[in-house]
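Thank you all for making the time this morning. I would like to walk you through one model, and I will take it piece by piece, so please keep the picture in view while I talk.

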Amino acid sequence: MSAQGQPSEPASDDGAGAGATFDEALSRGLSSVHFDVSENVRAGDQRQLDSADQVQSIMSLTGASFDEARLMLSHARMQEAGIDPMTGLPMDPKAVTFGNMRTRIVQRGVSVQSDDGDKLSVLRDMGFPDELCRRALAESIGDPERAALWLLNRTLEEDDARMARRLAEQEQLARQRLVQQQQRQQQQQQQQ
């Protein structure tokens with residue numbers, strides 16, 4: 001995979017580390033199969049890799065490979081930003097996220113896919129079509145209760161939309177009748 005097309009971070013003066021061109025990065029060993037900068041060098045790409053010095057420093061201090069050093073730097077940045085690098089969730093215990101269910105499932109080692117058949121049949125038994133049940137399970141991260149709520153909310157929204165359409169149709173019909181009635185009255189007045 002080439003690093004070409006990967007946007008580089010804007011240069012900053014916050015001490016994040018000096019940059020290096022792709023050519024300099026390649027000559028310093030800052031390239032790998034997963035982040036191959038040789039395409040960028042061949043294309044004459046002059047963008048800066050802003051964290052090159054930091055990555056090289058981590059490589060020197062720890063003996064880590066280029067990819068390992070990039071990962072270590074990413075984890076450190078995530079921690080500085082208050083994000084748990086292992087889960088990607090905020091470390092603040094007061095933070096509210098909608099990903100907590102997925103985290104619980106992953107932490108327990110339970111596969112969301114493991115009993116989708118049973119979950120699917122429960123939702124199917126509620127009278128919903130298979131394709132909609134599958135979508136509901138995907139939207140709810142495999143939680144059948146959330147999937148049922150998603151389906152019910154969707155049904156209510158569809159009912160609301162149907163009702164709104166009916167009301168609009170009735171309103172349009174009433175307008176047409178009113179126009180017809182006014183036209184008849186005008187015709188009657190003209191006949192007199």
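Let me begin with the term I will lean on: a residue is called buried when its relative accessible area is under 20%, exposed when that area is over 50%, and partly exposed in between. Please also bear in mind that what you see is a predicted model.

With that cut-off, 24% of the 192 residues of the protein count as buried. The protein has eight helices and two strands, and, read along the sequence, these follow the pattern β-α-α-β-α-α-α-α-α-α. As for contacts, if we take those with a separation of 6 or more, residues 24 or more positions apart account for 51% of them.

I turn now to helix H3, residues 52-62, and helix H4, residues 66-80, whose axes lie 9 Å apart and pack at an angle of about 110°, which makes H3 roughly perpendicular to H4. The crossing of H3 over H4 is right-handed. From H3 the contact draws on Gln54, Val55, Ile58, Met59 and Thr62, and these meet Phe66, Ala69, Arg70, Met72, Leu73 and Arg77 in H4. Sorted by class, the residues of this contact are seven nonpolar, two polar and two charged.

Some of these residues come back when we look at the largest nonpolar core, which has 14 residues, and in which Leu30, Leu49, Val55, Met59 and Phe66 touch the most other members. Two or more residues are given to this core by each of helix H1 (22-27), H3 and H4, and H3 gives the most, with four residues. If we leave out residues up to four places away in sequence, Val55 touches Leu30, Phe66, Ala69, Arg70 and Leu73.

Is Arg70, then, buried or partly exposed? With a relative accessible area of 28%, Arg70 is partly exposed, because that value falls between the limits of 20% and 50%. Arg70 lies in helix H4, and, again not counting residues up to four places away in sequence, Arg70 touches Ser32, Phe35 and Val55. The C-alpha atoms of Arg70 and Ala52 are separated by 9.2 Å, although these two residues are 18 residues apart along the chain.

Let me move further along the sequence, to helix H7 (residues 130-139) and helix H8 (residues 144-191), whose axes come within 8 Å and cross at roughly 120°. H7 and H8 are therefore oblique to each other, and their crossing is right-handed. Here Leu132, Cys133, Arg135, Ala136, Leu137 and Glu139 in H7 meet Pro144, Ala147, Trp150, Leu151 and Arg154 in H8. This contact has eight nonpolar, no polar and three charged residues.

Finally, which residues does Leu120 contact, leaving aside its neighbours within four places in sequence? They are Asp130, Cys133, Arg134 and Leu137. Leu120 itself lies in helix H6, residues 116-125, and Leu120 counts as buried because its relative accessibility is 9%, which is under the 20% limit I gave at the start. Leu120 and Ala136 are 16 residues apart in sequence, and from C-alpha to C-alpha they are 9.4 Å apart in space.

I will stop there and take your questions.

Conventions. Residues are numbered from 1 along each chain as its sequence is written. This is a predicted model: local features need pLDDT of at least 70, side-chain atom pairs count only at pLDDT 80 or more; totals for chains, interfaces and linings use all residues. Side-chain values use heavy atoms; hydrogens and water are left out. Axes are lines fitted to C-alpha atoms, for helices over the stretch in contact, and angles run from 0 to 180 degrees between N-to-C directions. Angles under 35 degrees count as roughly parallel, over 145 as roughly antiparallel, 65 to 115 as roughly perpendicular and the rest as oblique. A crossing is left-handed if the near helix is turned anticlockwise from the far one by less than a right angle, and right-handed if clockwise. Contact means heavy atoms within 4.5 Å. Ala, Val, Leu, Ile, Met, Phe, Trp, Tyr, Cys and Pro count as nonpolar, Asp, Glu, Lys and Arg as charged, and the others, Gly among them, as polar. A nonpolar core is a set of buried Ala, Val, Leu, Ile, Met, Phe, Trp, Tyr and Cys residues joined through side-chain atoms within 4.5 Å. Buried means under 20% relative accessible area, exposed over 50%, partly exposed in between (1.4 Å probe, protein chains only).
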